[in-house]
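Biologist: Please take a close look at one part of this model, namely how its nonpolar residues pack, and state the cut-off behind each term as it arises.

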Amino acid sequence: MTQLKSFELPIGTQLAYLAEGGANIIYRIVPAIHQTLPPDYRGKLLRLRKDTPAGVSYQEIARNFDKTIRPLFKPEELVDQELVYLPKGLTQQCNEQLRAAELTEQRPKQRRGIYLSLTEPFGLLVTDMTSFGNPGTDLAELKPKWLLQSPSAPTGVRRCRTCALRDMKNQDARRVGAAAARSFCPLDLVSDKFEHVLRAAKFVKGYKDYTRLARVLYRNPTLLKLLAHQRNLKDVGLYGPSPFSKDKSLAMTLRDCTMFIKMPRNEKGRVEIRLGDLDLKTAAGGKAQYWLDLEHRLISEGWYMGANSHTRTCDCALQSPRGQPPPSM
């Protein structure tokens with residue numbers, strides 16, 4: 001169970017903005033000159049919650065992580081998170097910095113106007129999976145997504161769930177003049193043929209040695225464990241329990257996590273692989289209906305069949321000449 005502790009920053013320590021998403025901001029903990037961080041904070045980043053209508057308290061997030069996610073993986077396979085009390089005034093100070101960053105055009109435009117929650121008493125210390133401070137290490141990052149086909153996909157399909165959705169989003173992007181995206185087929189990631197994994201590795205951003213990355217990913221125990229959990233929680237798509245159930249929430253969470261891979265440039269060094277973005281997804285706020293509507297659209301508009309694809313080449317394992325069948329449910 002997560003142990004609560006007070007977050008006591010040494011005098012002179014600062015938080016440096018690193019990145020943000022729709023619900024959280026990540027900070028690097030920077031010690032004062034000639035000081036070192038206390039052991040509890042080394043190799044950690046601080047995650048703070050934004051003030052959003054659908055925001056879930058960090059206590060609930062930590063509780064779900066401990067009860068639902070931790071039992072599924074080894075500690076070294078997860079981007080860990082530890083609930084900590086925040087010192088008084090910290091979030092106000094960070095919000096002032098965010099407003100100042102907006103005035104100097106340093107905060108991303110799409111994130112402006114939303115700030116940290118002043119009623120959230122906790123932060124989360126999370127494993128630092130960046131290569132900051134370690135010039136001999138590179139970071140690869142990917143989303144394994146649906147490693148199995150959706151059980152409600154029609155028979156005879158030519159796209160897996162992820163590739164069908166990508167085709168659909170690419171058409172929506174073209175309508176507004178945006179660029180289309182290409183990426184790997186998740187079915188290739190868990191193939192028992194190395195050349196298929198290599199094909200997928202070429203689409204992974206952040207790391208250029210595709211052959212070495214493919215060797216790391218090929219039959220990787222953490223990736224195969226994620227596949228097994230997705231297979232166990234197979235009642236997704238149009239089937240299974242209510243979208244508001246914990247099983248459905250967990251099933252969708254495991255299909256939208258991120259795999260972080262720290263690759264030492266010295267090939268004899270230890271590769272570190274962890275799964276993150278594992279906050280238990282909630283079906284509230286219209287998310288349940290969105291999941292159902294999305295699956296209905298993929299089926300009714302023929303995206304699973306590849307009928308509307310405008311791409312010259314298809315990267316999906318189901319339409320390639322490789323003959324790679326999808327993993328069975």
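Modeller: The account below begins with a set of strands, continues to the cores, and ends with a helix and two loop residues.

The model is a predicted one, in which local features need pLDDT of at least 70, side-chain atom pairs count only at pLDDT 80 or more, and totals for chains, interfaces and linings use all residues. Residues are numbered from 1 along each chain as its sequence is written, and side-chain values use heavy atoms, with hydrogens and water left out.

Strand E2 covers residues 14-20 and strand E3 residues 24-30; helices (H or I, at least four residues) and strands (E, at least two) are DSSP runs numbered from the N terminus. E2 and E3 pair in the antiparallel sense over six bridges, where pairing requires that DSSP find at least two bridges between the strands. A hairpin of three residues joins E2 to E3, and Gln 14 has Val 30 of E3 as its bridge partner. E3 also pairs with E4, again in the antiparallel sense, over five bridges. Six of the seven residues of E3 are buried, which leaves the strand mostly covered; buried means under 20% relative accessible area, exposed over 50%, and partly exposed in between (1.4 Å probe, protein chains only).

Leu 46 belongs to strand E4, residues 44-49, and is the bridge partner of Tyr 27. The relative accessible area of Leu 46 is 0%, so this residue counts as buried. Beyond residues up to four places away in sequence, Leu 46 touches Phe 7, Leu 15, Ile 25, Ile 26, Tyr 27, Ile 29, Val 84, Leu 90, Gly 123, Leu 124 and Leu 125, contact being heavy atoms within 4.5 Å. Leu 46 and Leu 15 are 31 residues apart along the chain, yet their C-alpha atoms are separated by 8.3 Å.

In soluble globular proteins, nonpolar side chains tend to be buried together. The largest nonpolar core here has 42 residues, and those touching the most other members are Leu 142, Leu 189, Leu 213, Leu 217, Met 259, Ile 261 and Leu 278. Such a core is a set of buried Ala, Val, Leu, Ile, Met, Phe, Trp, Tyr and Cys residues joined through side-chain atoms within 4.5 Å. Leaving aside neighbours within four places in sequence, Leu 142 is in contact with Phe 184, Leu 189, Val 204, Leu 217, Cys 257, Thr 258, Met 259 and Ile 261. Apart from the largest core lies another, of 17 residues, with Leu 15, Leu 37, Val 84 and Cys 94 among them.

Two residues of the largest core, Leu 213 and Leu 217, are buried in helix H6, as are Arg 212, Ala 214 and Val 216. The cover over the buried residues of H6 includes strand E7 (137-142), helix H4 (186-189), helix H5 (194-201), H7, strand E8 (258-264) and E9.

After H6 comes Arg 219, in the loop between helix H6 (210-217) and helix H7 (221-232). Arg 219 is not a glycine, although its phi is positive, about 55°. With a relative accessible area of 37%, Arg 219 is partly exposed. Asp 277, in the loop between strand E9 (272-276) and helix H9 (287-300), likewise has a positive phi of about 55° without being a glycine. Because its relative accessibility is 46%, Asp 277 counts as partly exposed.
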